[in-house]
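Reader: Hello! Please pick a single part of this model and take me through it closely, with the surroundings sketched in before you zoom in. I work in computational chemistry, and I would love to have the cut-offs spelled out.

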Amino acid sequence: MSDTKLQAIIQCAPCDRAAQAQYHRRWVLIDQEGQALAQEHPALAELSTEVRFGYLVLRAPGMLRLDIPMDVLEDDEEAFESIRLEGGKTARAVTEGDLANAWLSTYFTYPVRLMKLHPDEESPI
C-alpha cells in the first residue's frame, strides 16, 4: 500500500501522503437518510483532506479548518449504526460528533455526517 496515496474519506480525493492501512478509506460522508454521498457530488471537489500530527484535517472554501483526532476508538458497540454505501452495501459506523457534523452540514448546506467505519469492517474498495 506504500505507493497508494492516503484517501481517508471515501468520497474525497487522496491527500499527498502514503496510505496507512488503518486510515485508508475509513471515513464516509452520509446524508440524513444514512446513505453515503455520491462521489460525484459537486461540493466534494473543493473539500480537501490532509493528515497532520494524528489529526484528519478538513478544509473547504469559506470554512475554518476542522481537525478530527484519527485514533479515537469507540468501544461501545451500541454507538455504531448501519449505513448504506454505494452499490447497496451496508456497513457499521460511528459518528465523528456534533462539531464535525455541523461543520459539514454548513458546508454542504444540508445535513451531512462524518462516519468512521467500525474497525472490523473491511474498507470498501
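**A close look at one strand and its partners**

Author: Happy to! Let me begin with the whole: the protein chain has an accessible surface of about 7100 Å², and carbon and sulfur atoms account for 50% of that (areas by the Shrake-Rupley method with a 1.4 Å probe; for residues, only the protein chains shown count as cover). The model is predicted, so to speak of local features pLDDT of at least 70 is needed, side-chain atom pairs count only at pLDDT 80 or more, and totals for chains, interfaces and linings use all residues. Residues are numbered from 1 along each chain as its sequence is written, and side-chain values use heavy atoms, leaving out hydrogens and water.

The radius of gyration of the protein chain is 13 Å, in agreement with the value near 14 Å for a compact globule of 125 residues (taken over C-alpha atoms; the rule is 2.2 Å times the number of residues to the power 0.38). Of these 125 residues, 42% are buried (under 20% relative accessible area; exposed is over 50%, partly exposed in between, with a 1.4 Å probe and protein chains only).

In secondary structure, the protein chain has one helix and seven strands, in the order β-β-β-β-β-β-α-β from the N terminus (DSSP runs numbered from the N terminus: helices are H or I with at least four residues, strands E with at least two).

Now for the part I picked: strand β2, residues 48-52, which runs antiparallel to strand β3, residues 55-59, with five bridges joining them (strands pair if DSSP finds at least two bridges between them). Two residues separate β2 and β3 in their hairpin, and F53 in the turn has a positive phi of about 50°.

Within β2 sits T49, and facing T49 in β3 is L58. T49 is buried, at a relative accessible area of 9%. Beyond its neighbours within four places in sequence, T49 touches I9, C12, A13, C15, L56, V57 and L58 (a contact means heavy atoms within 4.5 Å).

Following L58 onward leads to the next strand: the bridge partner of L58 in β4 is L66. β3 and β4, residues 66-69, pair in the antiparallel sense over four bridges. Their hairpin has six residues between the strands, and there G62 takes a positive phi near 75°. As you follow these strands on screen, remember that side chains in a regular strand alternate between the two faces of the sheet.
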